[in-house]
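This report describes selected local features of one protein model. It treats a helix and its surroundings, aromatic and charged side chains, cysteines, and a few loop residues.

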Amino acid sequence: MALWARQASRCCCWLKTARAAGLQRLRSHSNTVQARHGSAPLALLSSRHGFLPWSLQTYRHASVGSSSQPASAKDGSISSPESNLALPVKQEQAKPETIPDLNAEILCEDWDDVPPSSALEEISEEEAVQIIADPLLPLQSSTLRDYVDHSETLTKLVHLGVDLSQVEKRQKAGQLLLTLDFEKDVRKILLFLKDVGVEDNQLGTFLTKNPYILGEDLEALETRVAYLKSKKFGKAEIAQMVSRAPYLLLFSVERLDNRLGFFKNELGLSVKKTKDLVIRLPRLLTGKLEPVKENLQVCQIELGFQRNEIQQIVFKTPKILTASKKRLRQTFDYLHNIMGIPHHMLTRFPQVFNSKLLRIKERHMFLTFLGRAQYDPAQPSYISLDQLVSLPDEVFCTEIARASIQDFEKFLKTI
């Protein structure tokens with residue numbers, strides 16, 4: 001197929017060369033006739049129904065060139081083209097149509113360099129590497145990385161610090177980003193977040209955790225912020241809540257109001273304390289309520305805390321509402337049943353529930369080994385639970401255990 005195409009192209013080139021040569025001879029003949037008889041008007045050979053094809057004109061002109069010169073009329077004038085057309089064969093001289101001079105060498109010099117005339121024609125490796133094609137948009141992909149070069153939105157989000165590898169793990173988040181226009185949809189949300197108080201260096205992390213906000217209606221987002229302001233949350237407090245709980249602004253005003261009402265009524269807190277609670281742990285407004293209800297029941301029924309004690313524990317340590325129930329039970333069991341810490345002491349230092357149980361065990365056992373495990377504030381050498389769990393190992397050893405860090409490390413190897 002490739003050989004046939006090249007032969008056909010060279011044949012066409014030869015025909016064009018022959019045609020150009022014929023036109024050149026015709027022009028030379030016309031100039032000779034004009035020199036003998038004077039200039040003649042440009043005559044287009046016409047048929048009964050219109051102009052003859054250009055190829056027939058060339059044929060007639062060639063015939064005239066091989067015949068005798070036209071005879072003059074008796075009065076010495078040359079007959080007009082209209083009178084000549086009535087004769088079957090009229091030896092008439094007409095000025096040919098002006099045609100640009102064609103150079104056969106120019107027509108064919110680059111003929112072999114044109115693109116292949118057939119899709120099946122083989123090309124060399126050098127020709128192949130010169131072909132430049134834009135990358136195709138993948139019809140389906142499991143990663144957003146394949147679409148970054150085709151999407152202005154994805155490209156600019158990457159520049160902001162958005163981790164697309166994390167975004168694509170969230171349900172339908174990748175599809176959402178591919179449908180958004182940066183100038184039309186994304187820019188206004190970014191400006192809104194900055195106005196709320198999200199710092200520039202936090203935008204990437206924020207959108208990585210909550211890309212869905214880019215598909216939210218701007219007016220709805222502004223309404224939710226206005227609701228928080230109506231509840232006397234300050235601008236800095238709202239900024240802190242939104243930054244620490246990225247999904248907060250996805251909740252409708254009705255849902256936010258119900259959540260605030262739940263914690264106020266369930267815990268028996270004042271409005272001010274309820275606000276302080278959610279400011280310190282804003283994910284209480286966005287997380288599920290079932291784990292919260294279960295932890296409250298565990299504290300009251302299984303651990304034996306009174307309602308007022310639970311209020312104090314939760315207000316001081318909000319994370320206890322979202323802690324693992326298993327971990328909560330194990331920590332309480334060791335503190336209360338092994339170490340002998342009463343409920344009112346645990347209520348006074350509830351932060352002990354946020355500590356690792358292993359750290360509590362290691363330090364308590366070391367103090368017991370040294371004879372310094374004293375947790376009763378009415379007794380000398382009293383050690384508070386806060387000191388027990390919050391101090392670094394070096395400070396704990398020197399100030400609380402009255403021993404060296406090397407002694408503590410040696411002891412840990414024996415247990």
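Helix H13, residues 253–267, comprises 15 residues and spans 22 Å from its first C-alpha to its last, close to the 21 Å expected at 1.5 Å a residue. The model is a predicted one. The buried residues in H13 are Leu256, Arg259, Leu260, Phe262, Phe263 and Leu267. Viewed down the axis of H13, these buried residues fall within an arc of 150°, and they therefore line one face of the helix. A general property of helices is relevant here: an α-helix has 3.6 residues a turn, so residues three or four places apart point the same way.

The face of H13 that is turned away from the buried side bears the exposed residues Glu254, Asn258 and Asn265. The cover over the buried residues of H13 includes helix H11 (218–230), helix H14 (271–280), H15 and H16. After H13 comes Gly268, which has a positive phi near 70°.

**Aromatic pairs**

A pair of aromatic rings is described by the distance of the centres and the angle of the planes. For pairs whose ring centres lie within 6.5 Å, the count is six aromatic pairs. One of them joins Phe305 and Phe332: the ring centres are 5.7 Å apart and the planes stand at 65°, so this pair is edge-to-face. Phe305 belongs to the loop between helix H15 (290–302) and helix H16 (307–316), whereas Phe332 belongs to helix H17 (residues 325–338), so the pair ties together parts that are 27 residues apart in sequence. Phe305 and Phe332 are both buried.

Ring pairs also link Phe366, Phe369, Phe396, Phe408 and Phe411 into a cluster. Phe396 has a further partner, since the charged end of Arg363 sits over the Phe396 ring at 4.6 Å from its centre. A comparable arrangement involves Lys273, whose charged end sits over the ring of Phe315, 5.3 Å from the centre of that ring.

**Cysteines and a buried serine**

A disulfide is a covalent bond between the sulfur atoms of two cysteines. A search of the whole structure for such bonds finds zero. Cys299 is buried, with a relative accessible area of 6%, and Cys397 is also buried, with a relative accessible area of 0%.

Ser355 is placed in the loop between helix H18 (343–348) and helix H19 (357–370). Ser355 has a relative accessible area of 10% and is therefore buried. Apart from residues up to four places away in sequence, Ser355 touches Arg327, Ile360 and Val389.

**Loop residues with positive phi**

Which features do Lys172 and Arg402 show in their backbone and surroundings? Lys172 is not a glycine, yet its phi is positive, at about 60°. Arg402, likewise not a glycine, has a positive phi of about 55°. Lys172 lies in the loop between helix H7 (164–167) and helix H8 (173–178), and Arg402 in the loop between helix H21 (393–401) and helix H22 (405–414). The table below lists their accessibility.

| Residue | Relative accessibility | Class |
|---|---|---|
| Lys172 | 59% | exposed |
| Arg402 | 60% | exposed |

Both loop residues thus contrast with Ser355, a loop residue that is buried, because Lys172 counts as exposed and Arg402 counts as exposed.

Conventions. Residues are numbered from 1 along each chain as its sequence is written. This is a predicted model: local features need pLDDT of at least 70, side-chain atom pairs count only at pLDDT 80 or more; totals for chains, interfaces and linings use all residues. Side-chain values use heavy atoms; hydrogens and water are left out. Rings of Phe, Tyr and Trp (its six-membered ring) pair if their centres lie within 6.5 Å; planes under 30 degrees apart count as stacked, over 60 as edge-to-face and the rest as tilted. Helices (H or I, at least four residues) and strands (E, at least two) are DSSP runs, numbered from the N terminus. Buried means under 20% relative accessible area, exposed over 50%, partly exposed in between (1.4 Å probe, protein chains only). A charge sits over a ring if NZ of Lys or CZ of Arg is within 6 Å of the ring centre and within 35 degrees of the ring normal. The expected span of a helix is 1.5 Å times one less than its number of residues. The arc is that of the directions from the helix axis to the C-beta atoms. Contact means heavy atoms within 4.5 Å. A disulfide is a pair of cysteine sulfur atoms within 2.5 Å.
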